[in-house]
Amino acid sequence: MNITISDAAQSHFRKLLDQQEEGTNIRIFVVNPGTPSAECGVSYCPPNAVEASDTEVKFAQLSAFIDEISLPFLEEAEIDYVTDPMGSQLTLKAPNAKMRKVADDAPFIERLDYVIQTQVNPQLASHGGRVTLVEVTE
């Protein structure tokens, strides 16, 4: 599992977790994974909320638990804690949340649709646009 949580984000989570029940970590999840309305989130995960099917990803300061359904959609996700003159903000980038990552050897049409859904459409969405792949011809 390839998820990155920056040192700054780990420190931020650690401060929050130290105020929770002993043994509490975080849960990273995707609501509506694989759809255009996919949303990522982070919540507290007390010890009694860990499911047998969860995947534990260990970091220096904490563990992150991910449910079985969200797991493939969080591949290459990055969590950071950014501080600038306007304040501090937790950022979660999950490029595969709306669409599961496609293998390098997948059929061309699948790889093309993946690029459209993950790179083109997010840019067009801010202008109210959207592209749908209909067919690929010679």
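This note sets out numbered points on a predicted model, covering the sheet, the core, the charged pairs, the cysteines and one loop residue.

1. Sheet architecture. Four strands make up an open sheet in the order S3-S2-S5-S4, and the pairing is mixed. S3 and S4 occupy the edges with a single partner strand each, so one side of each is left without a neighbour in the sheet. On average, and with direction ignored, neighbouring strands of this sheet are turned by 25° against each other. As general background, strands of a sheet pair through backbone hydrogen bonds, in either a parallel or an antiparallel sense.

2. Strand S5 and its two partners. S2 and S5 run parallel and are joined by three bridges. S4 and S5 run antiparallel, with four bridges between them. S4 and S5 also form a hairpin, with four residues between the two strands. The register can be checked residue by residue: Arg 27 stands opposite Phe 65 in S5, Thr 55 is placed opposite Ile 66, and Val 57 is placed opposite Ala 64.

3. Side chains of S5. In a regular strand, side chains alternate between the two faces of the sheet. Strand S5 covers residues 63–66; Ser 63 and Phe 65 point one way, Ala 64 and Ile 66 point the other way, and all are buried.

4. Nonpolar core. Which residues touch the most other members of the largest nonpolar core? They are Ile 3, Ile 5, Phe 13, Ile 26, Ile 28 and Leu 74, out of 20 residues in that core. Helix H1 (7–17), S2 and S5 are the elements that give two or more residues to this core.

5. Surroundings of Leu 74. With neighbours within four places in sequence left aside, the contacts of Leu 74 include Met 1, Asn 2 and Ile 3. Further along the chain, Leu 74 is in contact with Ile 28, Phe 29 and Val 30, and also with Cys 40, Ile 66 and Ala 94.

6. Salt bridges. Side chains of opposite charge can pair when their charged atoms come close. With a cut-off of 4 Å between the side-chain nitrogen and the carboxyl oxygen, the count comes to two salt bridges. Points 7 and 8 take up each pair in turn.

7. Arg 14 and Asp 18. In this salt bridge the closest N and O atoms are 3.0 Å apart. Arg 14 has a relative accessible area of 23% and is partly exposed, whereas Asp 18 is exposed at 55% relative accessibility.

8. Arg 27 and Asp 54. Here the closest N and O atoms of the salt bridge are 2.5 Å apart. Arg 27 lies in strand S2 (residues 25–31) and Asp 54 in the loop between strand S3 (39–45) and strand S4 (55–58), so the pair ties together parts that are 27 residues apart in sequence. Is each partner buried or exposed? Arg 27 counts as buried at 13% relative accessibility, and Asp 54 is buried with a value of 13%. Arg 27 also has a place in the sheet, opposite Phe 65 in S5.

9. Cysteines. How many disulfides does a search of the whole structure find? The result is zero. For Cys 40, which is in no disulfide, the nearest cysteine sulfur is that of Cys 45, 17 Å away. Cys 45 is likewise in no disulfide, its nearest cysteine sulfur being that of Cys 40. A disulfide requires sulfur atoms within 2.5 Å, so a separation of 17 Å does not qualify. As for accessibility, Cys 40 is partly exposed at 29%, while Cys 45 is buried with a relative accessible area of 1%. Cys 40 is also one of the residues in contact with Leu 74.

10. Thr 35. This residue is located in the loop between S2 and S3. Thr 35 is partly exposed, its relative accessible area being 28%. Not counting residues up to four places away in sequence, Thr 35 touches Ala 97 and Lys 98. The C-alpha atoms of Thr 35 and Gln 117 are separated by 9.7 Å, although the two residues are 82 residues apart along the chain.

Notes
Residues are numbered from 1 along each chain as its sequence is written. This is a predicted model: local features need pLDDT of at least 70, side-chain atom pairs count only at pLDDT 80 or more; totals for chains, interfaces and linings use all residues. Side-chain values use heavy atoms; hydrogens and water are left out. Buried means under 20% relative accessible area, exposed over 50%, partly exposed in between (1.4 Å probe, protein chains only). Two strands pair if DSSP finds at least two bridges between them. Contact means heavy atoms within 4.5 Å. A nonpolar core is a set of buried Ala, Val, Leu, Ile, Met, Phe, Trp, Tyr and Cys residues joined through side-chain atoms within 4.5 Å. Axes are lines fitted to C-alpha atoms, for helices over the stretch in contact, and angles run from 0 to 180 degrees between N-to-C directions.
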